[in-house]
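Hi everyone, thanks for coming along. I'd like to walk you through a structure I've been looking at, so please have it up in front of you.

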Amino acid sequence: MDVLHRRRRRHPGLSAQDNASPEFDIFACPICYEPLIRKGPSGLNLSAIYRSGFKCERCNKPFSSRNTFLDLTVTSGTREYTEFKPSRTELFRSPLVSFLYERGWRQNFARSGFPGPDEEFKMAQEYFKPVAGGLLLDVSCGSGLFSRKFASSGTFSGVIALDFSENMLRQCYEFIAKDDALLNSGCLKAPFESGSIDAVHAGAALHCWPSPSNAVAEINRVLRSGGVFVATTFLSTRLNTPPPLGPLGQSIGASNTYAYFKKEEIEDLCRSCGLINYSCNVDRAFIMFSAQKR
Ligand SMILES: C[S@@+](CC[C@H](N)C(=O)[O-])C[C@H]1O[C@@H](n2cnc3c(N)ncnc32)[C@H](O)[C@@H]1O
């Protein structure tokens, strides 16, 4: 599997000859949003990524891979600074949770109506039919359960597995077919060029994101026109969402670990982020929804 969307961008200050190089990637700087320049072999396969160095042409920030994944976050390369995210993000950074994820944790979702990975994959593939042959981004891929299915289906020209948790990406690396690229990135700043991605999948992740609205807006930015977004999550129910406690409850820290939404809220969120052609499948607390970039 190789990259479809590699491209050379013309740099206004360079002559036609100079413009023949360097080569710009679909990966973008998380600070400037400019495409990164790659030094090394082209392609999305692991060995090409690991033998390459990346740099932002505007701010000069360098990025390189860390054994099992490429870290394109703002904090990549920091020596002293550590940043903690909300508990719903931190939970999945733990080595134990990452190890257990495909070894029992995910199977529990069936109790809420999730039909299971094989059926969820089939349903997602139906939604992705209009973008078959394109580049798919599996956002919050976890241990790569779906990234592997998408990659081995042969439907896509490339599959990029993306997560914020280093330990999930290590699990993903151990499981995944050798020709996917592993990226470590927060969903808030998916480091890709605008309009460079054909399909975005986010399995069981929306309820974990610190700001679903920023994340869905970002997904819309990276999708090309006509690109398809498919996601699953847990809907709010009386069991998983206590009655609102108002400002007092919030001030004493009585908030949920996860953020669950009603199906109307999810449709509203997609619409307000500029996505169109929304549709969904619901079974108890399970929802799979899809929407398209205008
Ligand atoms: C429940 S798992 C879903 C894994 C897989 N997609 C699936 O369908 O089973 C949720 C994933 O969201 C990731 N996640 C949490 N916060 C995130 C964030 N801010 N940015 C990107 N991923 C995040 C976690 O690391 C975890 O791998």
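I'll begin with the ligand, then go through the salt bridges, and finish with a few single residues and a surface patch.

One thing to keep in mind throughout: this is a predicted model.

Let's go to the ligand. How many residues surround the ligand, and which are the closest? The shell holds 19 residues, and the closest are T89, Y101, R106, S140 and D163. If you sort that shell by class, you get 11 nonpolar, 6 polar and 2 charged residues.

Now for some individual atom pairs. R106 places a polar side-chain atom 2.8 Å from an oxygen atom of the ligand. D163 also has a polar side-chain atom by a ligand oxygen, and there the distance is 2.6 Å. With G203, the backbone takes part: one of its polar backbone atoms is 2.8 Å from a nitrogen atom of the ligand. And how much of the ligand does the protein bury? On its own the ligand would expose 600 Å², and the protein buries 99% of that.

On to the salt bridges. Searching the whole structure turns up 15 of them, and I've picked a few to show you.

Start with R148 and E102. Their closest N and O atoms are 2.8 Å apart. Where do these two partners sit in the chain? R148 is in helix α5 and E102 is in helix α3, 46 residues apart, so this pair links distant parts of the chain. As for E102, is it buried or exposed? With a relative accessibility of 18%, E102 counts as buried, because the cut-off for buried is under 20%.

Next, have a look at D268 and R271, whose side chains meet in a salt bridge with an N to O distance of 3.3 Å. Why are these two about one helical turn apart? Both belong to helix α9, which covers residues 263-272, and they are 3 residues apart, so about one helical turn separates them. Their exposure is worth a glance too: D268 is partly exposed, at 41% relative accessible area, while R271 is exposed, at 51%. Elsewhere, salt bridges with shared partners tie E90, R93 and E166 into one network.

One more pair before we move on: K263 and E264. Their side chains form a salt bridge at 4.0 Å, N to O. K263 is partly exposed, with 39% relative accessible area.

Now for the single residues. First up is T233, in strand β10, which spans residues 223-234. T233 counts as buried, at 1% relative accessibility. What does its side chain contact? The side chain of T233 makes a polar contact with the side chain of H207, at 2.8 Å.

S157 is another buried residue, with a relative accessibility of 17%. You'll find S157 in the loop between α5 (145-153) and β7 (158-163). A polar atom of the S157 side chain lies 3.3 Å from the backbone oxygen of G133.

Then there's F289, in strand β12, residues 286-293. Is F289 buried or exposed? F289 is buried, with a relative accessible area of 0%. Its C-alpha atom is 7.1 Å from that of Y278, and these two residues are 11 apart along the chain.

P41 makes a nice contrast. It sits in the loop between β2 (35-39) and α1 (46-50), and P41 is partly exposed, at 26% relative accessible area. P41 and R51 are 10 residues apart along the chain, with 6.9 Å between their C-alpha atoms.

Last stop, the surface. Which residues make the nonpolar patch of about 280 Å²? That patch is made by L96, F99 and L100. L100 lies in helix α3, residues 95-105, and L100 is partly exposed, with a relative accessible area of 34%. You've met helix α3 already, as E102 is in it too.

That's the tour, folks. If you'd like one place to start browsing on your own screen, try the ligand, with D163 and R106 among its closest residues. Thanks for listening!

How values were computed. Residues are numbered from 1 along each chain as its sequence is written. This is a predicted model: local features need pLDDT of at least 70, side-chain atom pairs count only at pLDDT 80 or more; totals for chains, interfaces and linings use all residues. Side-chain values use heavy atoms; hydrogens and water are left out. A residue is near a molecule or strand if one of its heavy atoms lies within 4 Å of it. A polar contact is a pair of N or O atoms within 3.5 Å; within protein, one must be able to donate a hydrogen and the other to accept it, and residues adjacent in sequence count only if both atoms are side-chain atoms. Accessible areas come from the Shrake-Rupley method with a 1.4 Å probe; for residues, only the protein chains shown count as cover. Ala, Val, Leu, Ile, Met, Phe, Trp, Tyr, Cys and Pro count as nonpolar, Asp, Glu, Lys and Arg as charged, and the others, Gly among them, as polar. Patches are made of residues with over 30% relative accessible area and no salt bridge: like charges are joined within 9 Å, nonpolar side chains (Val, Leu, Ile, Met, Phe, Trp, Tyr) within 5 Å. Helices (H or I, at least four residues) and strands (E, at least two) are DSSP runs, numbered from the N terminus. Buried means under 20% relative accessible area, exposed over 50%, partly exposed in between (1.4 Å probe, protein chains only).
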